[in-house]
Each structure stands twice: as structure tokens, then as C-alpha cells.
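Biologist: Could you take me on a close look at one part of this model, and then show me how that part sits in the rest of the chain? I would enjoy a connected walk-through rather than a list.

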Amino acid sequence: MSIAYKEAEHEGEGWKGKSSMPSLPEVHQSMRVPKKAGFLRKLLAFVGPGYLVAVGYMDPGNWATDLAGGSKFGYTLLSVILISNLMAILLQALAGRLGIVTGRDLAQACRDHYSKPISFALWILCELAIAACDLAEVIGAAIALNLLFGIPLIYGVILTSIDVLLVLMLQKRGFRYIEAMVISLMALITFCFVMELIFSQPDFAAVAAGFIPTTEIVTNPAMLYIALGILGATVMPHNLYLHSSIVQTRKIEPTIQGKREAIKFATIDSTIALMLALFVNAAILILSAAAFHSAGKEVAEIQDAYHLLGPMLGTGAASVLFAVALLASGQNSTLTGTLAGQIVMEGFLNIRLSPWLRRLITRMIAIIPAVIVIGIYGESGATDLLILSQVILSLQLSFAVIPLVKFTSDRKKMGELITPKWMIVLSWIVAVLIAGLNAYLLYSTFFGN
């Protein structure tokens, strides 16, 4: 066991239980950070975890709301994407801080703070959220395979299970290989949308104006509903668990100064990565606004967007790039979702299974429902499943956000590295806002007209 982990195990008096094993033990502190190096070299050593987290903010589950928002209301809802992203940056900074300071991921922290019944309930809710998130990612990748190669959805869903083998293969070679894979796929997604924006020729003055919030978002019920959908689907619960774990892959100095430095670089890493996610989400909405809203077409289905893009923009490349970006997004998200499943199961239950078995269980939880529903109901069932997955995510989100804010605001747990007061205030405002918005979404889903 590393010196840094021993210190983390015994520091602070705010935990009811003691951590027994590090998070993701096979890669824990496996990547060295240079002790004597300049700012840029140290930053590069910390680059990676933020991009694995950012993947969840551009997964296929977000595409439908961005497409609908752009096609119905033009560029107006860009401000909602921006605000959502700023909230995500704040919460992910807290998740990174928790992992670095306490040596616990969020799942382990919940287990070591709450009673066994509460911890078990939180685990069940989290597993449901990961399964729901995986459903959106698996179905998104399957839709992309169907659009590009004509592969039936049910076979596409089964093909996505290869990520279990891919994660195992890459992790055996070192965690840096997983990070490199994810960053490469993100670069591909970014390139695709840069080209899409070139093809669509949006009104950049209107784009700039769209980032400024307007009262119409609140006063127009239809616009408000989509805005709440964007907000509700932005912060993914599993990302908070994931980030609090993978920041611990860096071997840092087990001192206050070493941890303070790690918090700084980890925050820079996640902030830059999430700004890239902001670009992708904004680009989807901008593309939809430029291609569909200006022509008076409303599009909410990913398949419809694919089929209409080529004719609307006058080039078949637009549709192909859209589907390639969707495939990269889906596969990237399943990679990180599989890791998050391992972190949650080990953290809450404190059990150790073989890596292949852990990941197989995580993947099957998502694939089996998708295969059954698509097999019985076809593509329409897949769309309904996507909607259901977002409702489940909304229900669970606060059960991850509130413990995170609570733990990082507790001096007994965080010691000298407690979150600054201004961040604590902002974090509680965001936590209450997210809880309120998701409660409204759930009410609208089940009782709305």
C-alpha cells in the first residue's frame, strides 16, 4: 500500500468507517507526477481524467435535447447549455477534490459515512442510474452503426459489448492508454462538428446572442421544458463517482502542498475538457438551428437528423460526419460507463471481483434490457427506452450531488483542504437547483399534460 494511501486512510475524524482498499486498485497511483518540473510539464502529467469525465457530457443521451432545442427555438437555448456546463465544472471540481484529499471515491465516501441500509439504498439507485446512462450510450452507438452500415439495432447493441474486452486490454497496458483512446475519440467528434459548422454556415451574430439568457426561456412553456431537459441531463451521476476515483491514478506527494497542487491541476484538466464538451453540445444545437430551424423543420429523432442533414446542407458528407461523431460518442461513453460501474460496485459493497467479471456484469445490466425492448418493439421501443433512461437519471442525480457537496464542505473530512466558502455556497445553490429542476421534470413526465 502506498504512503499516500496510508495517510489518506488515517487522516480526518469525520468518517464512521475506515477505507480498506484504494479505488481502482489495479491502476491506483500508477502514473508518476514529476516532482521538479515546470507548470506545463506538470499539467500534462495530470491531463486525462477530465476528458474521461467530459465524455459523459456529450453522450448520445444529450443529442436528442440539443437537436430538439435547436430545431424548435433556434439559438436561444445556447445559454442553457452554457449555464449547465458551468454547473458541471463546479461539481466535477468538487469530485476531484474529494478523491485527492480523502483518498476515497464518492462511493467509498458514502459507504464510510452513512449507515449500511442507507449506503445500500444509494448503491441500488446508483446502479440504476449507470444502467440508464449505459442504455442511452449503447442505443446511441447502435443507431450510429445502423445509419452507417445498415446493421440492425439489436445486433448493434450486442456489438457494443466489445468495450469490455477493450477496457481490459488497454488497462493491462496502463491507464494512460485508456485516456489516449478517449481523447482520440473526442478529437474525432470535435473534428466532425467543426466540419458540420463549416457546412451549415450558421449566423454567428445570432449564435453569440444565443449565449445570453432571455426571459422567454422561462415564460414559454415549450421552451422551458426543453431547457429543463438540457439541464437535467447535463450532470451525469456516474461522472461524479468516476472523477473522484480516476484522479487517484496519479502518484502525488502525500503532503498538504502536494494535494493542493494536485487539486489545482486536476481542476484545470477537468475545466478545459468540459469546455470542449460545451463546444460539442453547442455545436449540435447550432447545427440543428442552422439546418432545420431556418427551414421550419422540427427534428427530435437522431435518425431524422441524419437523413435530413445531407439534403438540407447540400452534401452527403454532413450526414456521414454526424453518424461517425455519434458512433465515437457512444463508444467513448460506454468505455467510461464501464469503469464507473466497477468503481460504484467496489466502492459501495467493498467487494473484489475479477476485472472481466465486474465489467461483464456492468455491461449486461445495460445490454439485456436494450436487446429485449428492441427485439419486441423495434426502433420505437428504443426511443421510449431513451426517454425512460433520462427520467431514471433525473431521479438519481441529487442522491450523488448532495452527498458530494456535503462531504467536501465538512472540515472534519477535508481538513485544511476543505472547499473554499464561495465554492460551498455556489455548490449548495447548484445542488438545490438541480434537485428542484429534476423534481419538476419528473412531475411533468408523469403528471404533465
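Modeller: Happily! Let's start with helix 7, which covers residues 116-149 and has 34 residues. From its first C-alpha to its last, helix 7 reaches 48 Å, close to the 50 Å expected at 1.5 Å a residue. Just after helix 7 comes G150, whose phi is positive at about 70°. Please keep in mind throughout that this is a predicted model.

Now look at what meets this part of the chain. F348, which is found in helix 17 (residues 316-349), has a C-alpha 6.0 Å from that of W123, although F348 and W123 are 225 residues apart in sequence. Leaving aside neighbours within four places in sequence, F348 is in contact with A107, C110, R111, S119, L122, W123, C126 and Y241. With a relative accessibility of 5%, under the 20% limit, F348 counts as buried.

Two of the residues that F348 touches are cysteines, C110 and C126. Do they bond? Their sulfurs are 8.4 Å apart, and C126 holds the cysteine sulfur closest to that of C110, so the gap is too far for a bond. C110 itself is buried, with a relative accessible area of 0%. Elsewhere, C192 is buried as well, at 1% relative accessibility. The structure as a whole holds zero disulfides.

R111, another contact of F348, leads us to charged side chains. R104 and D112 meet in a salt bridge, with N and O 2.8 Å apart. Salt bridges that share partners join R104, D112 and R111 into one network. Both ends of the R104 pair are covered: R104 is buried at 1% relative accessible area, and D112 is buried at 3%. Side chains of opposite charge can pair when their charged atoms come close.

The structure holds eight salt bridges, and two others deserve a visit. K35 pairs with E253, their closest N and O atoms being 3.6 Å apart. This pair links distant parts of the chain, 218 residues apart: K35 is in the loop between strand 1 and helix 2 (39-46), while E253 is in the loop between strand 2 (250-251) and helix 15 (256-291). K35 is exposed, with a relative accessible area of 66%, whereas E253 is partly exposed at 36%. The other bridge joins E261 and K42, at 2.9 Å from N to O. Here E261 lies in helix 15 and K42 in helix 2, so the pair ties together parts that are 219 residues apart in sequence. E261 counts as partly exposed at 24% relative accessibility, but K42 is buried at 8%.

Helix 10 (residues 175-200) offers another link across the sequence, through I183. The C-alpha atoms of I183 and Y51 are separated by 6.4 Å, with their positions 132 residues apart along the chain. Apart from neighbours within four places in sequence, I183 is in contact with V47, G48 and Y51. I183 is partly exposed, at a relative accessible area of 30%.

Two loop residues have a backbone feature worth checking on your screen. Q201, in the loop between helix 10 and helix 11 (204-210), has a phi near 50°, a positive value in a residue other than glycine. L24 also has a positive phi, near 45°, and is likewise not a glycine; its place is in the loop between helix 1 (3-10) and strand 1 (31-32). Their surroundings contrast: Q201 is exposed at 67% relative accessible area, while L24 is buried at 1%.

On the surface, W356, L357, L360, I361 and I365 form a nonpolar patch with about 400 Å² of accessible area together. One of these residues, L357, lies in helix 18 (residues 355-377) and counts as partly exposed at 30% relative accessibility.

Finally, let's step back to the full chain. There are 21 helices and two strands. Of the 449 residues, 59% count as buried. The accessible surface comes to about 17700 Å², and 69% of that belongs to carbon and sulfur atoms. Among contacts with a separation of 6 or more, 84% come from residues 24 or more positions apart. The approach of F348 to W123, with their positions 225 residues apart in sequence, is one link across the chain that you can find on your screen.

How values were computed. Residues are numbered from 1 along each chain as its sequence is written. This is a predicted model: local features need pLDDT of at least 70, side-chain atom pairs count only at pLDDT 80 or more; totals for chains, interfaces and linings use all residues. Side-chain values use heavy atoms; hydrogens and water are left out. Patches are made of residues with over 30% relative accessible area and no salt bridge: like charges are joined within 9 Å, nonpolar side chains (Val, Leu, Ile, Met, Phe, Trp, Tyr) within 5 Å. Accessible areas come from the Shrake-Rupley method with a 1.4 Å probe; for residues, only the protein chains shown count as cover. A salt bridge is a side-chain nitrogen of Lys or Arg within 4 Å of a carboxyl oxygen of Asp or Glu. Helices (H or I, at least four residues) and strands (E, at least two) are DSSP runs, numbered from the N terminus. Buried means under 20% relative accessible area, exposed over 50%, partly exposed in between (1.4 Å probe, protein chains only). A disulfide is a pair of cysteine sulfur atoms within 2.5 Å. Contact means heavy atoms within 4.5 Å. The expected span of a helix is 1.5 Å times one less than its number of residues.
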